[in-house]
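Q: I've got a model open on my screen and I'd like to learn how to read it. Can you walk me through it, feature by feature?

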Amino acid sequence: MYVCLCKGVSDRKIRESVEAGARSWREVQQETGCGTQCGKCACVGKAITRDAITSEVMASTCDLAYAV
């Protein structure tokens, strides 16, 4: 689904940005341009970013040999 029509950014692109190492909304904005023009997509973009970061962090902790 397209999140940012101004820059043509989809939810998949936001998730790919997080998978590539972005760990904040600001980093996602810099990489994708989402939320930098009119700003109407910022709330949805932030929510998707937050969800993607949480998923990435949880996945990395599951790879540990023991719980921290």
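Q: What pattern does the chain follow, read along the sequence?
A: This is a predicted model, and along its sequence the pattern runs β-β-α-α-α. That gives you 3 helices and 2 strands.

Q: How should I read the confidence, and which elements have the lowest and highest mean pLDDT?
A: As a general habit, don't read predicted coordinates in detail where pLDDT is low. Here the chain averages a pLDDT of 92, and 90% of the residues score at least 70. Element by element, strand β2 (residues 9–10) has the highest mean, 98, while α3 has the lowest, 91.

Q: What about the core: how many residues does the largest nonpolar one have?
A: The general idea is that in soluble globular proteins, nonpolar side chains tend to be buried together. In this model, the largest nonpolar core has 14 residues, and Val3, Ile14, Val28 and Cys34 make the most contacts inside it. Two or more residues each come from β1 (2–4), α1 (11–19), α2 (25–32) and α3 (42–62). The largest share is from α3, with 4 residues.

Q: Which residues does Ile14 touch, leaving out those up to four places away in sequence?
A: Ile14 touches Val3, Val9, Val28, Cys34, Gly45, Ile48 and Thr49. Val3, Val28 and Cys34 are back again: like Ile14, they are among the residues with the most contacts inside the core.

Q: Now two serines. Is Ser17 buried or exposed?
A: Look at relative accessible area: under 20% means buried. Ser17 has 0%, so it counts as buried. This serine lies in helix α1. Beyond four places in sequence, Ser17 touches Ala22, Val28, Glu31 and Thr32.

Q: And where does Ser24 lie?
A: Ser24 sits in the loop between α1 and α2. Its relative accessibility is 25%, so it counts as partly exposed. Leaving aside neighbours within four places, Ser24 is in contact with Thr49 and Ile53. The C-alpha atoms of Ser24 and Thr49 are 7.4 Å apart, although 25 residues separate the two in sequence. A polar atom of the Ser24 side chain also lies 3.2 Å from the backbone nitrogen of Glu27.

Q: Zooming out, what percentage of the residues count as buried?
A: Of the 68 residues in the chain, 32% do. The chain exposes about 4700 Å², with 52% of that supplied by carbon and sulfur atoms. As for contacts between residues at least 6 apart in sequence, 54% join residues at least 24 apart.

Note on methods. Residues are numbered from 1 along each chain as its sequence is written. This is a predicted model: local features need pLDDT of at least 70, side-chain atom pairs count only at pLDDT 80 or more; totals for chains, interfaces and linings use all residues. Side-chain values use heavy atoms; hydrogens and water are left out. A nonpolar core is a set of buried Ala, Val, Leu, Ile, Met, Phe, Trp, Tyr and Cys residues joined through side-chain atoms within 4.5 Å. Buried means under 20% relative accessible area, exposed over 50%, partly exposed in between (1.4 Å probe, protein chains only). Contact means heavy atoms within 4.5 Å. A polar contact is a pair of N or O atoms within 3.5 Å; within protein, one must be able to donate a hydrogen and the other to accept it, and residues adjacent in sequence count only if both atoms are side-chain atoms. pLDDT is the predictor's confidence in each residue, from 0 to 100. Accessible areas come from the Shrake-Rupley method with a 1.4 Å probe; for residues, only the protein chains shown count as cover.
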